[in-house]
Amino acid sequence: MLELAKGVYWVGAMDWGLRDFHGYATPRGTTYNAYLIVDEKTALIDGVKAPFKDELFRNITEICDPSAIDYVISLHVERDHSSALPFVMERAPGATLVTTERFGEQGLEANFHRGWRFHSVKDGDRLSLGWRHISFIATPLAHWPDSMMAYLEEDSVLFSSDLYGQHLATSPRFADQVASEILRPEAAKYYANIFMPYSSQAGRALEKTRALAPKLIVPSHGLMWRKDMDWVLESYGRWTQGLTVPRVVVVYDTMYGSTEMMAQAMRQGAEGEGVEVQLYRLTGSSASDIMAHILEAGAVCIGSPVLHGGIYPTVAAFLSYLRGFRPKGKLGVAFSSYGWVGIAAKAISQEMEDAGMEVVQPSLEANFVPDEEALDRCRQAAAVVARRVKAAAA
Ligand code: FEO
């Protein structure tokens with residue numbers, strides 16, 4: 001079993017086959033990282049998803065009998081880490097379940113209804129394992145109300161929960177053992193889809209991480225950070241502040257090609273200003289992949305045909321997903337082709353405003369098939385946006 005520091009082991013599970021994590025496309029699977037610390041007392045940090053409990057117990061059993069566990073520490077309640085807890089508590093009947101006061105206690109009880117007695121902790125509390133100590137760092141709403149990190153003081157290991165994670169199943173367990181072309185986009189996608197709505201809270205957690213200056217950061221998903229730690233901390237610094245690069249993302253769907261013509265004209269206008277453009281047709285695309293590219297984009301242009309008097313369904317679904325992320329400091333442009341009533345562009349603008357974006361007006365519309373004049377309006381609007389995006393990224 002992989003030993004990270006003396007008496008500190010990775011005992012988690014690999015989920016190679018996961019392809020969807022509550023709407024987040026996971027083509028490379030994921031891991032549920034759990035950690036065992038053996039000292040005078042033995043502590044298990046986090047669990048795994050219930051179907052992977054046997055893998056967890058196999059790994060623990062290589063080190064000790066599960067009944068020897070004294071503390072089970074839940075860093076947040078979400079079921080990808082907690083749903084094996086009932087089995088863990090059965091196999092370790094003498095263990096004390098450690099969680100955050102109020103939200104951790106309430107969440108575990110509401111999920112499992114076991115009447116467990118908790119040892120509740122708050123920011124700054126410490127737990128002695130014998131000659132080593134764990135301190136708890138509250139990170140509320142990064143990304144759950146009860147989220148916290150645990151820090152093994154003597155070994156300088158930070159158990160960061162979901163922070164700094166990736167949905168990535170790999171045989172190697174450390175970030176520096178995997179090609180950065182694979183690792184880094186997955187870390188960005190993870191931040192975009194899990195933490196973007198909680199950037200302020202993630203920023204506060206980042207400050208606490210930097211203050212600790214850990215030697216190892218071991219998240220609850222994906223690879224653990226040792227040599228490449230600076231990269232992930234610097235990246236979180238940019239992402240939590242909403243810093244952008246000169247990039248415009250054009251997202252659209254199309255029925256007979258008219259909205260696609262407008263999307264291509266938007267691309268041409270932005271590219272003409274020397275700005276990187278990412279163009280996505282929503283049919284066949286994953287919203288979570290698109291969010292990874294929106295993370296550092298300065299502007300998002302969203303286009304839809306009108307169908308049955310409303311926004312095309314794939315675009316409506318994407319807007320619903322986007323609204324939950326409240327992306328910081330991004331420009332938005334709406335465009336639409338329509339047959340009888342041009343209502344989609346206005347509706348898209350409203351959705352983008354509701355998501356907290358600065359919508360550039362007027363929105364762009366074309367009746368049936370856009371003529372050259374309509375396409376030129378798209379190019380010009382995209383060029384204006386691209387110039388602002390370049391200035392913001394400078
Ligand atoms: Fe990986 Fe928020 O659970």
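**Exercise 1. Which residues does threonine 42 touch, not counting residues up to four places away in sequence?**

Setup: this is a predicted model, where local features need pLDDT of at least 70, side-chain atom pairs count only at pLDDT 80 or more, and totals for chains, interfaces and linings use all residues. Residues are numbered from 1 along each chain as its sequence is written, and side-chain values use heavy atoms, with hydrogens and water left out.

Solution.
- Step 1: Locate the residue. Threonine 42 sits in strand β8 (residues 42-45). Strands (E, at least two residues) and helices (H or I, at least four) are DSSP runs, numbered from the N terminus.
- Step 2: Apply the contact rule, heavy atoms within 4.5 Å. Threonine 42 touches Leu36, Ile37, Cys64, Ala68, Ile69, Asp70 and Tyr71.
- Step 3: Classify the exposure. Threonine 42 counts as buried because its relative accessible area is 7%. Buried means under 20%, exposed over 50%, partly exposed in between (1.4 Å probe, protein chains only).

**Exercise 2. Place leucine 223 and list its contacts.**

Solution.
- Step 1: Leucine 223 is in the loop between β16 (216-219) and α7 (229-241).
- Step 2: Its relative accessible area is 0%, so leucine 223 is buried.
- Step 3: Beyond four places in sequence, leucine 223 touches Gln166, Leu168, Thr170, Pro172, Arg173, Phe174, Ala175, Val178 and Leu183.
- Step 4: Tyrosine 164 is 59 residues away from leucine 223 along the chain, yet their C-alpha atoms are separated by 8.9 Å.

**Exercise 3. Describe the interface between domain 1 and domain 2.**

Solution.
- Step 1: Set the bounds. The domain assignment, automatic or from a database, gives domain 1 (3-241) and domain 2 (248-388).
- Step 2: Count the residues. The contact takes 15 from domain 1 and 13 from domain 2.
- Step 3: Get the area. The two domains bury about 1200 Å² between them, 57% of it on carbon and sulfur atoms. Buried area is the accessible area (1.4 Å probe) that two parts lose on being put together, summed over both.
- Step 4: Find the main contributors. In domain 1, Asn193, Met196 and Pro197 lose the most area to domain 2, together 43% of what that side buries.
- Step 5: Count salt bridges (side-chain nitrogen of Lys or Arg within 4 Å of a carboxyl oxygen of Asp or Glu). There are two between the domains.
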